Amino acid sequence: MATIAQSVYLDSQPGFLCKLEGPGTVLDNPYVYDDAAKELKAMAGTGLIEIMSERSMQYAGDQLIGEITFRRLS
């Protein structure tokens with residue numbers, strides 16, 4: 001079974017910007033969103049995607065990724 005980040009990656013088109021959607025989706029929970037965003041950042045480390053923008057936020061005293069946009073490379 002694919003993770004959320006893997007599914008978003010597979011649904012994206014190479015060369016186009018893709019924003020990891022949050023509110024109103026399964027990623028509505030800030031911690032779930034943060035985990036998926038961190039997995040995308042790991043994918044960027046392997047050269048599958050390029051992180052184009054990232055925004056952090058404070059939630060319940062924790063620093064979390066609140067928004068991330070990427071471009072699929074392959």
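## Pocket, strands and salt bridges

β3 gives the largest share of the lining of the largest pocket, 3 residues. The model is predicted.

**The pocket.** The largest pocket holds about 210 Å³ of space. It is lined by 15 residues, and the closest to its centre are Gly 22, Pro 23, Leu 27, Tyr 33 and Gly 66. Three elements each give two or more residues to this lining: α2 (30–45), β2 (49–59) and β3 (62–72). By type, the lining residues divide into 7 nonpolar, 3 polar and 5 charged.

**The strands.** β3 pairs with two strands. Strand β1 (residues 17–19) is joined to β3 by 3 bridges, and the two run antiparallel. β2 is joined to β3 by 10 bridges, also antiparallel. Which residue of β3 is the bridge partner of Lys 19? It is Thr 69. Thr 69 is also the bridge partner of Ser 53. β2 and β3 form a hairpin with 2 residues between the strands. There, Ala 60 takes a positive phi near 50°.

**The salt bridges.** Side chains of opposite charge can pair when their charged atoms come close. The count here comes to 5 salt bridges. The table lists three of them, with the N to O distance.

| Pair | N to O distance |
|---|---|
| Asp 34 and Lys 38 | 2.9 Å |
| Glu 54 and Lys 41 | 3.2 Å |
| Glu 67 and Arg 55 | 3.8 Å |

Start with Asp 34 and Lys 38. Both lie in helix α2, 4 residues apart, about one turn of the helix. Is Asp 34 buried or exposed? Asp 34 counts as buried because its relative accessibility is 3%, and buried means under 20%. Its partner Lys 38 is partly exposed, at 45%.

Next come Glu 54 and Lys 41, a salt-bridge pair. This pair links distant parts of the chain: Glu 54 is in strand β2 and Lys 41 is in helix α2, 13 residues apart. Glu 54 is partly exposed at 37% relative accessibility. Lys 41 is partly exposed at 36%.

The third pair is Glu 67 and Arg 55. It too links distant parts of the chain, with Glu 67 in strand β3 and Arg 55 in strand β2, 12 residues apart. Glu 67 has a relative accessibility of 27%, so it counts as partly exposed. Arg 55 is partly exposed as well, with a relative accessible area of 41%.

Which residues are linked with Glu 67 in a network of salt bridges? They are Lys 19 and Arg 55. Lys 19 has appeared before, as the residue whose bridge partner in β3 is Thr 69.

Conventions: Residues are numbered from 1 along each chain as its sequence is written. This is a predicted model: local features need pLDDT of at least 70, side-chain atom pairs count only at pLDDT 80 or more; totals for chains, interfaces and linings use all residues. Side-chain values use heavy atoms; hydrogens and water are left out. On a 1 Å grid over the protein atoms alone, a cavity is a set of points where a 1.4 Å probe fits but cannot get out, and a pocket is an open set with protein on both sides within 12 Å along at least five of seven lines; lining residues have an atom within 4 Å of a point. Grid points are joined across faces, edges and corners, and a volume is the space filled by probe spheres set on the points. Ala, Val, Leu, Ile, Met, Phe, Trp, Tyr, Cys and Pro count as nonpolar, Asp, Glu, Lys and Arg as charged, and the others, Gly among them, as polar. Two strands pair if DSSP finds at least two bridges between them. A salt bridge is a side-chain nitrogen of Lys or Arg within 4 Å of a carboxyl oxygen of Asp or Glu. Buried means under 20% relative accessible area, exposed over 50%, partly exposed in between (1.4 Å probe, protein chains only).
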